[in-house]
Amino acid sequence: MTRLQCGITGSLPKPRWLSDPTAQLRADWMVAGEALPEAQDDAVRLAIADQVSAGLDIITDGEQRRRHYIWGFLEALEGVDAFHLGKKQTRGGRYTAELQNVARVVGEVRRAGPIFVDALKFAKRETDLPVKVTLPGPMTIVDSVVDEHYGDALPDLAMRFAGILNAEAKALAEAGADIVQFDEPAFNIDTDAVAEWGIATLERAAEGVATQRAVHICYGYGVPAVIAWKSRNQDWGHYGHTLPLLNESSIDQVSVECAASGVDVSVIQNLSRKRVMLGVISVSTDEVETAELVAQRIRAGLEYCDAERLMPCTDCGLVPRPRGVARAKMQALAAGTALVRDAL
Ligand code: ZN
């Protein structure tokens, strides 16, 4: 296995001709009708070219076809309205008292057909490198929707979505996805709930998926409300509860945010049986890491994880950063990784 395979979490900023960059996480398309898929294809080509030229080993489509990392999946389902939005307290009210724009479950939720399979096939045609596809995890989905239909307890609603995610993940694996990643930032909120039902619903989503299965867990995007919370937060102990549970799970890769949080990198020693996507690039600031700083962070990770299993990564998605900064950060990620790899 290649030592220190590096890549990004998933998202990249979109070109301003595709969506308004000031909208950050919830972009409205600047292009309409038949021109939209063509524009998205072009944005994906650029996103892939930027990752390849930076020297990354694992490629994503930069989530250029998604308005938002959760809506991109939900808006393709029957029974979910991702356009007429509701209000909800999400993530335990940590970042914002109440979100004004969450999708609503309004009927029987069904996946009528493949959602990201064509997008994966397009990306695979654009690169020979391994391609990763991201999906929102079941716990994060149910934390991010208003249920106006089922009236289910959260674990039951999460299990419904896990079954739907599982069908999509299997289709992606069959179509050649090298990694299917479930994004579960909700795992860093209520760790008791993770133990009680979060791991079980993640396992259901990943069950029988014949490729590398990953989970991304972070302390949120680098947007002002999250950065403000991070600056006052004192408790970075969540991974200490969840990583030992994930080490016993069937998941192959686990991502851990270390660059911009107060998380001590030693916590990854709890992932002795897993590949570890180590966050060595902050997504909270436009300041670009030097290759030497990235290398230092990787060497710190190597104290607790061997080079075959360690995968240098960004803390989270780069979507809120300017495109030039995102490109420079990807170059720093690859350059820092190369410094350490050459010395091994
Ligand atoms: Zn994240």
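**Entry: helices α5 and α6.** I began with the pair formed by helix α5 (residues 154-174) and helix α6 (residues 191-206), and I found that their axes come within 7 Å and cross at roughly 25°. Because angles under 35 degrees count as roughly parallel, I noted α5 as roughly parallel to α6. The crossing in which α5 passes α6 is right-handed. This is a predicted model, and I read every entry here with that in mind.

I then looked up which residues touch. On the α5 side I listed L154, P155, A158, M159, A162, G163, L165, N166 and A169, and these meet W197, A200, T201, R204, A205 and A206 on the α6 side. Sorted by kind, the residues of this contact of α5 with α6 come to 11 nonpolar, 3 polar and 1 charged.

**Entry: the sheet of 3 strands.** Next I followed an open sheet of 3 strands, whose order is β1-β2-β4 and whose pairing is mixed. Its edge strands are β1 (78-88) and β4 (145-147), each of which pairs on one side only. Neighbouring strands of this sheet are turned against each other by 40° on average, with direction ignored.

I traced the mixed pairing strand by strand. Between β1 and β2 I found 5 bridges, and these two strands run antiparallel; G86 has V102 in β2 as its bridge partner. Strand β2 (residues 99-110) is joined to β4 by 3 bridges, and here the two run parallel. In that pairing A103 stands opposite V145 in β4, and R104 stands opposite V146, also in β4.

I also checked where α5 sits with respect to this sheet: the helix lies across β1, β2 and β4, and it runs at about 70° to β2.

**Entry: the sheet of 6 strands.** A further open sheet has 6 strands in the order β3-β5-β6-β7-β8-β9, with parallel pairing. I noted that β3 (132-136) and β9 stand at the edges with a single partner strand each, so one side of each is left without a neighbour in the sheet. From one strand to the next, the twist averages 25°.

Within this sheet I looked at one pairing in detail: strand β5 (residues 179-183) is joined to β6 by 5 bridges, and the two run parallel. Q181 has A214 in β6 as its bridge partner.

**Entry: the zinc ion.** Which atoms coordinate the zinc ion? I found H216 through NE2, C218 through SG and C316 through SG, at 2.1 to 2.3 Å. Along the chain these donors follow the spacing H-x1-C-x97-C. I marked that H216 and C316 link distant parts of the chain, since H216 lies in strand β6 (residues 212-217) and C316 in the loop between β9 (310-314) and α10 (323-343), 100 residues apart.

**Entry: helices α1 and α10.** Last, I turned to helix α1 (residues 35-54), which packs with α10 at an angle of about 35°, their axes being 8 Å apart. Here α1 passes α10 in a right-handed crossing. From α1 the contact takes L46, D50, Q51 and A54, and from α10 it takes R323, R327, M330, Q331 and A334. I recorded the residues of this contact of α1 with α10 as 4 nonpolar, 2 polar and 3 charged.

Methods: Residues are numbered from 1 along each chain as its sequence is written. This is a predicted model: local features need pLDDT of at least 70, side-chain atom pairs count only at pLDDT 80 or more; totals for chains, interfaces and linings use all residues. Side-chain values use heavy atoms; hydrogens and water are left out. Axes are lines fitted to C-alpha atoms, for helices over the stretch in contact, and angles run from 0 to 180 degrees between N-to-C directions. Helices (H or I, at least four residues) and strands (E, at least two) are DSSP runs, numbered from the N terminus. Angles under 35 degrees count as roughly parallel, over 145 as roughly antiparallel, 65 to 115 as roughly perpendicular and the rest as oblique. A crossing is left-handed if the near helix is turned anticlockwise from the far one by less than a right angle, and right-handed if clockwise. Contact means heavy atoms within 4.5 Å. Ala, Val, Leu, Ile, Met, Phe, Trp, Tyr, Cys and Pro count as nonpolar, Asp, Glu, Lys and Arg as charged, and the others, Gly among them, as polar. Two strands pair if DSSP finds at least two bridges between them. Donors are N, O and S atoms within 2.8 Å of the metal (3.2 Å for Na, K and Ca); water is not among the atoms, so sites may look incomplete.
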